[in-house]
Amino acid sequence: MTQTSDNVTWLTQEAYTKLKDELEYLTGPARTEIAAKIAAAREEGDLRENGGYHAAKEEQGKQELRVRQLTQLLEHAKVGEAPAEEGVVAPGMVVTIAFDGDEDDTMTFLLASREYASGDIETYSPQSPLGVGVNGKKVGEDAEYELPNGKKATVKILSAKPYTG
């Protein structure tokens, strides 16, 4: 699970290893591959009209952005399980909410960073408007958050349980 607070991100050992392996690939073999693509495209001649060169440079930019993101994430990561108290909404918890207190209109989601997004359960970031609104609330409490149109919405916390994967 991940928990972001005070610039600390909690990661399981598995997630940390996966992200570290991705960073090592991007800073090693992937950099070599993209440099070779750029060099090959450069040899084709006029760079102003060289689509392969521009595509390789764009790919390189995206790759370097991901390297910076991973570096920052891993610098502030704590490995282990985040302290999770059942009944209190926090990152790494599966949360069920009722919209406007209507217990027939509910939604269940995982409050976690995008590294944990999966097809199994909808995932909301702790930094999203809903995530910010529910984070720290206890079961039975109401939470308010801002909708994209600027209006406020209220939800009731029905349950908050640690995600077991």
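In the next few minutes I will walk through the fold of this chain, then the contacts of its helices, and finally a ring pair and a charged patch.

Please keep in mind throughout that what you have in front of you is a predicted model, and that the residue numbers I use count from 1 along the chain as its sequence is written.

Let me begin with the overall layout. The chain has four helices and eight strands, and if you follow these elements from the N terminus on, their order is β-β-α-α-α-β-β-β-β-α-β-β. Of the 165 residues in the chain, 36% are buried.

I would like to spend most of the time on helix H3, which covers residues 51–75, and on what its residues meet. A search of the whole structure finds six salt bridges, and I will describe three of them, beginning with the one between Arg 66 and Glu 22, whose side chains come together at 2.9 Å from N to O. This pair links distant parts of the chain, since Arg 66 sits in helix H3 while Glu 22 belongs to helix H1, residues 13–27, and the two are 44 residues apart. Are the two partners buried or exposed? Arg 66 has a relative accessible area of 18%, and because the limit for buried is under 20%, Arg 66 counts as buried. Glu 22, on the other hand, is partly exposed at 27% relative accessibility.

The second salt bridge joins Lys 37 and Glu 59, with 3.3 Å between the closest N and O atoms. Here Lys 37 lies in helix H2, which spans residues 29–42, and Glu 59 lies in helix H3, so this pair ties together parts of the chain that are 22 residues apart in sequence. Both residues fall into the partly exposed class, Lys 37 with a relative accessibility of 42% and Glu 59 with 35%.

The third one stays inside a single helix: the side chains of Glu 58 and Lys 62 form a salt bridge at 3.4 Å, again from N to O, and both residues lie in helix H3, four residues apart, which is about one turn of the helix. Lys 62 is exposed, as its relative accessible area is 55%.

Beyond the salt bridges, there are several places where residues of helix H3 can be related to other parts of the chain by the distance between C-alpha atoms. Take Leu 74, a residue of helix H3 that counts as buried at 12% relative accessibility; its C-alpha atom is separated by 7.5 Å from that of Lys 20, although the two residues are 54 residues apart along the chain. Ala 56, also in helix H3, is buried with 4% relative accessibility, and between the C-alpha atoms of Ala 56 and Ala 41, which are 15 residues apart along the chain, the separation is 8.1 Å. Lys 57, another residue of helix H3, is partly exposed with a relative accessible area of 35%, and from Lys 57 to Ala 35, 22 residues away in sequence, the C-alpha to C-alpha distance is 9.1 Å.

Now let us turn to the strands. How many aromatic pairs does the structure hold? There is one, and it is made by Phe 109 and Tyr 124, whose ring centres are 5.1 Å apart and whose planes stand at 70 degrees, so the pair is edge-to-face. Phe 109 comes from strand S5, residues 106–111, and Tyr 124 from strand S6, residues 123–124, so the two rings tie together parts that are 15 residues apart in sequence. The surroundings of the two rings can be described as well: Phe 109 is buried, with a relative accessible area of 0%, whereas Tyr 124 counts as partly exposed at 23%.

My last stop is on the surface, where Asp 100, Asp 102, Glu 103, Asp 104 and Asp 105 gather in a patch of negative charge. One of these residues, Glu 103, can be placed in the loop between strand S4, residues 93–99, and strand S5, and strand S5 is the strand that carries Phe 109 of the aromatic pair.

To close, I would ask you to look once more at helix H3 in the model, which holds Arg 66, the partner of Glu 22 in helix H1, as well as Glu 59, the partner of Lys 37 in helix H2.

Notes: This is a predicted model: local features need pLDDT of at least 70, side-chain atom pairs count only at pLDDT 80 or more; totals for chains, interfaces and linings use all residues. Side-chain values use heavy atoms; hydrogens and water are left out. Rings of Phe, Tyr and Trp (its six-membered ring) pair if their centres lie within 6.5 Å; planes under 30 degrees apart count as stacked, over 60 as edge-to-face and the rest as tilted. Buried means under 20% relative accessible area, exposed over 50%, partly exposed in between (1.4 Å probe, protein chains only). Patches are made of residues with over 30% relative accessible area and no salt bridge: like charges are joined within 9 Å, nonpolar side chains (Val, Leu, Ile, Met, Phe, Trp, Tyr) within 5 Å. Accessible areas come from the Shrake-Rupley method with a 1.4 Å probe; for residues, only the protein chains shown count as cover. A salt bridge is a side-chain nitrogen of Lys or Arg within 4 Å of a carboxyl oxygen of Asp or Glu. Lys and Arg count as positive and Asp and Glu as negative; His and the chain ends are not counted. The place of a charge is taken as NZ of Lys, CZ of Arg, CG of Asp or CD of Glu.
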